[in-house]
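Student: I have not worked with this structure before. Could we go through it by question and answer?

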Amino acid sequence: MRHTPAPQPHGAHHEAPSVETLIRHAHDALAAAHVPVSPAKVSRLCRLYVRTVAPHGVAFTSWFVSQVAAHGPARETLTADLYRRIAYRDETGETAARNVDKARQAVNA
């Protein structure tokens, strides 16, 4: 049984996706596109993204696809379909996360 978050009502507060959410979306998209990537690699890449790449404002989808395509046999099977499946934008959540980061920086300054 897959655990997916319940849809949020319009205008509800959205947070940036968690590592677990990114891992789940990546696994689902890779499986649907028949791209062979080990679960450990998906987990490692998602955690690396959240820890080091996301703070710089780089979109997860383009970064993840480039990382998977850069290594191994999966590069031949990456398509626009895979990119579209894991591409999701949460403008409200991203804006909220940026506002929180700005507020934290202002307090620490």
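**Helices and core**

Tutor: This is a predicted model. To start with one residue, L48 touches V53 and W63, not counting residues up to four places away in sequence.

Student: In which helix is the place of L48?

Tutor: Among the residues that meet α3 are L48 and V53. They belong to the helix on the other side of that contact, and the place of L48 is in α2.

Student: Does L48 count as buried, partly exposed or exposed, and why?

Tutor: Buried requires under 20% relative accessible area, and exposed requires over 50%. L48 has 26% relative accessibility, so L48 counts as partly exposed.

Student: What distance separates the C-alpha atoms of L48 and V19?

Tutor: L48 and V19 are 29 residues apart along the chain. In space, their C-alpha atoms are separated by 9.4 Å.

Student: Which residues touch the most other members of the largest nonpolar core?

Tutor: This core has 17 residues. The elements giving two or more residues to this core are α1 (19-32), α2 (39-53) and α3 (60-70). The residues that touch the most other members are V42, C46, F60 and F64.

Student: With which residues is V42 in contact, leaving aside its neighbours within four places in sequence?

Tutor: V42 takes part in the contact of α2 with α3, and also in the contact of α1 with α2. With the sequence neighbours left aside, the contacts of V42 are I23, A26, H27, L30, V37 and F64.

Student: How are α1 and α2 oriented to each other, and why?

Tutor: The two helices pack at an angle of about 135°, with their axes 9 Å apart. Angles of 65 to 115 degrees count as roughly perpendicular and those over 145 as roughly antiparallel. The α1 and α2 pair is therefore oblique.

Student: How many nonpolar, polar and charged residues are in the contact of α1 with α2?

Tutor: On the α1 side, the residues include E20 and H27, and on the α2 side they include S43 and R47. By class, the contact of α1 with α2 divides into 10 nonpolar, 2 polar and 2 charged residues.

Student: What is the hand of the crossing where α2 passes α3?

Tutor: α2 and α3 pack at an angle of about 135°, with their axes 11 Å apart. Where α2 passes α3, the crossing is right-handed.

Student: How many charged residues are in the contact of α2 with α3?

Tutor: F60, W63, F64, Q67 and V68 are the residues from α3. The contact of α2 with α3 has 10 nonpolar residues and 1 polar residue. The number of charged residues there is none.

Note on methods:
Residues are numbered from 1 along each chain as its sequence is written. This is a predicted model: local features need pLDDT of at least 70, side-chain atom pairs count only at pLDDT 80 or more; totals for chains, interfaces and linings use all residues. Side-chain values use heavy atoms; hydrogens and water are left out. A nonpolar core is a set of buried Ala, Val, Leu, Ile, Met, Phe, Trp, Tyr and Cys residues joined through side-chain atoms within 4.5 Å. Buried means under 20% relative accessible area, exposed over 50%, partly exposed in between (1.4 Å probe, protein chains only). Helices (H or I, at least four residues) and strands (E, at least two) are DSSP runs, numbered from the N terminus. Contact means heavy atoms within 4.5 Å. Axes are lines fitted to C-alpha atoms, for helices over the stretch in contact, and angles run from 0 to 180 degrees between N-to-C directions. A crossing is left-handed if the near helix is turned anticlockwise from the far one by less than a right angle, and right-handed if clockwise. Ala, Val, Leu, Ile, Met, Phe, Trp, Tyr, Cys and Pro count as nonpolar, Asp, Glu, Lys and Arg as charged, and the others, Gly among them, as polar. Angles under 35 degrees count as roughly parallel, over 145 as roughly antiparallel, 65 to 115 as roughly perpendicular and the rest as oblique.
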